[in-house]
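Me: I should like to examine the reasoning behind the labels attached to this model. Please set each value against its criterion before drawing a conclusion.

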Amino acid sequence: MNIRRVTFDHPDAVKLNDQVQAEYAVRYGDEGDVTPLDPSMFQPPIGLYLMAYDTQGRPVATGGWRTQDENDEGYSDGDAELKRMYVVEEARGNGLARRILAALEDDARAAGRIRMVLETGNKQPEAIALYASSGYEPCVKFGHYRFHEDSRCFAKLL
């Protein structure tokens with residue numbers, strides 16, 4: 001697998017974002033994640049967006065982080081928020097999510113962030129299992145979905 005930095009509005013990133021949104025819609029019976037995101041949020045040094053490509057050059061996994069600091073949505077100074085972790089169905093089970101997660105953690109740490117935070121949902125047990133096995137622990141809810149019953153928030157010191 002080839003993991004590359006791309007912009008959040010890169011055509012391959014848009015394609016996989018559309019796929020993950022469709023999956024969220026099926027799992028939760030809604031329109032997907034409506035958290036406001038802008039490509040500038042994922043530009044170094046305040047963020048990063050990664051795309052994994054298979055040996056045929058097809059985009060198969062994605063993930064990014066963006067800077068967060070204390071605000072009225074419950075973030076803390078020094079936070080890096082994980083967004084849009086996704087692996088296409090046919091590429092799951094090959095460790096791609098772990099590789100992307102590790103690269104994002106390393107980059108956020110190098111950028112001076114002290115904690116990685118993420119929000120997922122109770123209808124994504126495989127995501128929760130990945131994060132728990134990677135050292136993430138439940139934390140106080142934050143972000144756009146902090147008042148939603150299905151929301152689950154996790155954090156890990158970098």
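Reply: The structure, which is a predicted model, holds 1 cavity of 30 Å³ or more. The largest cavity has a volume of about 50 Å³.

Me: What makes this space a cavity rather than a pocket?

Reply: The criterion is escape: a cavity is a set of points where a 1.4 Å probe fits but cannot get out, whereas a pocket is an open set. The lining of the largest cavity consists of Thr35, Tyr75, Glu81, Lys83, Glu119, Phe142, Gly143, His144 and Tyr145. By class, this lining has 3 nonpolar, 3 polar and 3 charged residues.

Me: What is known of the largest pocket, and which residues are the closest to its centre?

Reply: The volume of the largest pocket is about 870 Å³. It is lined by 39 residues, and the closest to its centre are Tyr24, Met85, Thr120, Gln124 and Ala127. Two or more lining residues come from each of α1, β3, β4, α2, β5 and α3. Of these elements, β4 gives the most, with 6 residues. The lining divides into 17 nonpolar, 10 polar and 12 charged residues.

Me: Why is the pair Asp33 and Lys83 called a salt bridge?

Reply: The rule requires a side-chain nitrogen of Lys or Arg within 4 Å of a carboxyl oxygen of Asp or Glu. In this pair the closest N and O atoms are 3.3 Å apart, so the contact between Asp33 and Lys83 meets the 4 Å limit. The pair links distant parts of the chain, since Asp33 lies in the loop between α1 and β2 and Lys83 in strand β4, 50 residues apart.

Me: Are these two partners buried or exposed?

Reply: Buried means under 20% relative accessible area. Asp33 has 12% and is therefore buried; Lys83 has 6% and therefore counts as buried.

Me: How do Arg58 and Asp54 fare under the two criteria?

Reply: Their side chains meet in a salt bridge with an N to O distance of 2.7 Å. Arg58 has a relative accessible area of 48%, so it is partly exposed, a class that lies between 20% and 50%. Asp54, at 12%, falls under 20% and therefore counts as buried.

Me: Which other salt bridges are found, and how many are there by this rule?

Reply: The count comes to 11 salt bridges. One of them joins the side chains of Lys156 and Glu105 at 3.3 Å, N to O. This pair also links distant parts of the chain, with Lys156 in strand β7 and Glu105 in helix α2, 51 residues apart. Both Lys156 and Glu105 are buried. In addition, Glu23, Arg27, Arg92 and Glu126 are linked in a network of salt bridges.

Me: How do you know that the buried residues of α3 line one face of the helix?

Reply: The buried residues of α3 are Ala127, Leu130 and Tyr131. Seen down the axis of α3, these residues fall within an arc of 90°, so they line one face of the helix. The arc is taken from the directions from the helix axis to the C-beta atoms.

Me: What covers the buried residues of α3, and which residue follows the helix?

Reply: The cover includes β4, α2 and β5. After α3 comes Gly135, whose phi is positive, near 95°.

Notes:
Residues are numbered from 1 along each chain as its sequence is written. This is a predicted model: local features need pLDDT of at least 70, side-chain atom pairs count only at pLDDT 80 or more; totals for chains, interfaces and linings use all residues. Side-chain values use heavy atoms; hydrogens and water are left out. On a 1 Å grid over the protein atoms alone, a cavity is a set of points where a 1.4 Å probe fits but cannot get out, and a pocket is an open set with protein on both sides within 12 Å along at least five of seven lines; lining residues have an atom within 4 Å of a point. Grid points are joined across faces, edges and corners, and a volume is the space filled by probe spheres set on the points. Helices (H or I, at least four residues) and strands (E, at least two) are DSSP runs, numbered from the N terminus. Ala, Val, Leu, Ile, Met, Phe, Trp, Tyr, Cys and Pro count as nonpolar, Asp, Glu, Lys and Arg as charged, and the others, Gly among them, as polar. Buried means under 20% relative accessible area, exposed over 50%, partly exposed in between (1.4 Å probe, protein chains only). Contact means heavy atoms within 4.5 Å.
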